Structures are given as structure tokens and as C-alpha cells.
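Hi,

Here is the structure I said I would pass on. Have a look at it first, and my notes follow underneath.

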Amino acid sequence: MGLFGLEAFSLSFIPSLVSSVWILIFGAFDIPPENKASAAEALIQGTLSAIRATNSKVTYDPIRRDVINDKVVFPNIEIIIPSNQTAFNYNQECRGDYSENFVDKCSTKVSIEALSMNNIGLKENRKQNVELEISGFSVDLKNLLSNSDNSSMQILDPVIKLIGDGVLEGSIKTGVGYNLARDQFSFELSIALNKLTSISIKTKLSNIKYHNNTYSFDLDELEVVASDDGLRPFLDYQLQ
């Protein structure tokens, strides 16, 4: 079955959030601030509801509208990805008894301190790029890999050894924008994984054309910065 729960989680979570940011970028020109905030909240709530449809449990604290910092924040998100019942002797090893409220002890917990959509236009003179930011996430890789196939375990087992306790922590921020006057798209991505690496990518593209099933564009700017905070042994192992 592969990555049970995680696969469905990815298929529902990532495309929904990308489309959410895309809609806000091109709808940010003439939509009233109240409607922008409501749209951002509805889009993220819809994404989290889609994750629930994969049999994952999703909870979060009340939504905050931060007008001063121009963002909508979903605090303290907790996602419980169910275990793969075909990968275990489920009833004996994973299913808790009545004293444990019959919980799935082999499930994977994903915690996010804050999921926010930034620069959506709640105030004047907003920044160009609409940003999606996941601050302070943590994932228990031990249980996640226990629910996966052997090939996934072989690839990521060295990562678990590098981070020590098997809990992957970090943050992710991505931003997309469009400058109408310059006909220029901008994209930014920053990923920080504790004890592993930090990566930052910034690029700007203009004059994007589509002809004969091929895209062409002018690359106006490209910046890539990466730091090794412990990932190098894993890369060396994979390249052997």
C-alpha cells in the first residue's frame, strides 16, 4: 500500500494550499480586505477538511486575523495520520485497549505551531508576494516510516539517526507574486530543517510565453543559498 495516510495527506494538503495562494494573488487587486481574510480562512479550512477526509484527525485553535502584520493565522494545528493496518499486527501492537481509549498507538503526529497566509492585503501598501508560512512543524518519523514500505525506510533511516530522537522539526515559507507593470512573476521558497539543512531560493521571471507546447521566459533573477547543518553524511550515504 506504500505510505498509508501520508500519501493521501500530501495529495490533499499541498495542491489545495498552492491553489489557495494562487487565487489570492490574482484576486488581490480589487477585493475588499474583509473578503480577502474570509477567502484565506475558507481556503485553509477547506484544505484541513480535505485532510480529515483521508481519515486523519485534524484540530486547531481559533483563527486569528492579524491586520497589523497583514496575515491570517491558524495556531496550534495537530494532525494525526492513521497507521497502515496492513503493515502491523494492528490489533495486538497498535490498537489501545479500553484503558487507552482504543487509540491508534502507531499513528503519526504532525504538529504545526502556526500556519499563516501573509501579505493578503488586509492593510494598504502590502508586500508584493502572497506568502504561505508553516512555522514550527514537527513530525515523528519513526512511526511514519513504520507505516511505509521498506524502500522508504532504507532511504530515510539515516535521517532519523542524524536528528537523534526521530522527530523532524523545522519551518517552511513560500511566496508568489506578480508585478503587473513589469509583467514579472516572483517566487521565493525557504526551508529550514533542524539539525539537517537550510535552503533559500528566490527567482523572478518575466515575458512568459507559451508556443508549440513549450514555455519560454526571461530569467531576471535567481538566488540559491544552502547551508549544511548535518545533512552531508546522509547525502554521502545515498551517493555511495
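What caught my eye is a nonpolar patch on the surface, made of I208, Y210, Y215, F217, L219, L222 and V224, with about 760 Å² of accessible area together. Two elements, β8 (197–211) and β9 (214–228), each give two or more residues to this patch. The biggest share comes from β9, which supplies 5 residues. I208 sits in strand β8. It can count towards the patch because its relative accessible area is 34%, and the cut-off for patch residues is over 30%. That still leaves I208 partly exposed rather than fully out in the open, since exposed would need over 50%.

Bear in mind that this is a predicted model.

Now the strands before that. β5 (residues 130–140) and β6 (residues 167–179) run antiparallel, with 9 bridges joining them. If you want a landmark there, V130 stands opposite V176 of β6. On to the next pairing: β6 is also joined to β7 (residues 184–193), again antiparallel, by 10 bridges. Here I172 has I191 in β7 as its bridge partner. The hairpin of β6 and β7 has 4 residues between the strands, and D183 in that hairpin takes a positive phi near 50°.

I also went through the aromatic rings, and the count comes to 3 aromatic pairs. One of them is Y178 with F185, at 4.7 Å centre to centre and with 45° between the planes, so it goes down as tilted. Which of the two partners is buried, and which is partly exposed? Y178 is the buried one, because its relative accessible area of 18% falls under the 20% cut-off. F185 has 22% and is therefore partly exposed, so the two residues fall on either side of that 20% line.

Finally, the overall picture. The chain has 6 helices and 9 strands. Of its 240 residues, 38% are buried. Among contacts with a separation of 6 or more, 58% are between residues 24 or more positions apart. The chain exposes about 13800 Å², and carbon and sulfur atoms supply 53% of that area.

If you only have a few minutes, I would start with the patch on β8 and β9, then look at the Y178 and F185 pair.

Cheers

Technical notes
Residues numbered from 1 in each chain as written. Predicted model: local features only at pLDDT ≥ 70, side-chain atom pairs only at ≥ 80, totals over all residues. Heavy atoms only, no water. Buried < 20%, exposed > 50% of the residue type's maximum accessible area, 1.4 Å probe, protein only. Contact = heavy atoms within 4.5 Å. Areas by Shrake-Rupley, 256 points an atom, 1.4 Å probe, with all protein chains shown as cover. Pairing = 2+ DSSP bridges. Patch = residues over 30% accessible without salt bridge, like charges linked within 9 Å, V, L, I, M, F, W, Y side chains within 5 Å. Salt bridge = Lys/Arg side-chain N within 4 Å of Asp/Glu carboxyl O. Phe/Tyr/Trp six-rings, centres within 6.5 Å; stacked < 30°, edge-to-face > 60°.
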